[in-house]
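Welcome! Take a moment to look over the sequence and turn the model around on your screen. Then read on for a short guided tour.

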Amino acid sequence: MPGYSIPQNGLGQNGYDAFSPGGFTLIAGFLAEVVLTFFFLLVIFGATSDEAPKGFAGMPLALPSS
């Protein structure tokens, strides 16, 4: 990102508005959290459903983390 300095700003900074490197608001962070959690739970519920193929529940759950 132009103008971002690691010695001045550091890595992995958490925050919103002025403390966010992208200038994201609190509402944007909350909305992203809700949407991503929804998709995460959708994958979990789909993989552990009774109609899902038996023995394959670990595959969709492990793929995003690899």
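## Starting at the front end

Let's begin with glycine 3, which sits in the segment before H1. Is this residue buried or exposed? Glycine 3 has a relative accessibility of 79%, and exposed means over 50%, so it counts as exposed.

Now look for proline 21, which is 18 residues away from glycine 3 along the chain. In space, the C-alpha atoms of these two residues are separated by 9.8 Å.

## How sure is the prediction?

Please keep in mind that this is a predicted model. The average pLDDT of the protein is 81, and 92% of the residues reach a score of at least 70.

Where is confidence lowest, and where is it highest? The lowest confidence belongs to helix H3, residues 58-62, with a mean of 73. Helix H2 has the highest, with a mean of 91.

## The overall layout

Next, step back and view the whole chain. There are three helices in the protein and zero strands. Read from the N terminus, the order of elements is α-α-α. The protein has a radius of gyration of 18 Å, while the globule rule gives 11 Å for 66 residues; 18 Å is well over that value, so the protein is more spread out than a compact globule.

You can also picture a box drawn along the principal axes: the C-alpha atoms fill one of roughly 50 × 25 × 15 Å. Of the 66 residues, 6% are buried. The accessible surface amounts to about 5700 Å², and carbon and sulfur atoms account for 71% of this area.

## A loop residue and a helix residue

Find aspartate 17 in the loop that runs between helix H1 (6-9) and H2. This residue is not a glycine, yet aspartate 17 has a positive phi of about 55°. Its relative accessible area is 40%, so aspartate 17 falls between the 20% limit for buried and the 50% limit for exposed, and counts as partly exposed.

Alanine 28 belongs to helix H2. With a relative accessible area of 32%, alanine 28 is partly exposed. How far apart are alanine 28 and aspartate 17 in space? Their C-alpha atoms are 9.9 Å apart, and the two residues are separated by 11 residues in sequence.

## A nonpolar patch and an aromatic pair

Five names are worth highlighting on your screen: Leu31, Val35, Phe38, Phe39 and Leu42 make up a nonpolar surface patch of about 500 Å². One of them, leucine 42, is in helix H2, which covers residues 26-47. Leucine 42 is partly exposed, with a relative accessible area of 47%. Phenylalanine 39 is partly exposed too, and its relative accessible area is 47%.

How many aromatic pairs are there? The count is one. The partners are phenylalanine 38 and phenylalanine 39, and their arrangement is edge-to-face. Their ring centres are 5.5 Å apart, and the planes make an angle of 70°; an angle over 60 degrees counts as edge-to-face, which is why the pair gets that label. Both of these phenylalanines also take part in the nonpolar patch.

How values were computed:
Residues numbered from 1 in each chain as written. Predicted model: local features only at pLDDT ≥ 70, side-chain atom pairs only at ≥ 80, totals over all residues. Heavy atoms only, no water. Patch = residues over 30% accessible without salt bridge, like charges linked within 9 Å, V, L, I, M, F, W, Y side chains within 5 Å. Areas by Shrake-Rupley, 256 points an atom, 1.4 Å probe, with all protein chains shown as cover. Salt bridge = Lys/Arg side-chain N within 4 Å of Asp/Glu carboxyl O. Helix = DSSP H or I, 4+ residues; strand = E, 2+ residues; numbered from the N terminus. Buried < 20%, exposed > 50% of the residue type's maximum accessible area, 1.4 Å probe, protein only. Phe/Tyr/Trp six-rings, centres within 6.5 Å; stacked < 30°, edge-to-face > 60°. Rg over C-alpha atoms; globule rule 2.2 N^0.38 Å. pLDDT = per-residue confidence, 0-100.
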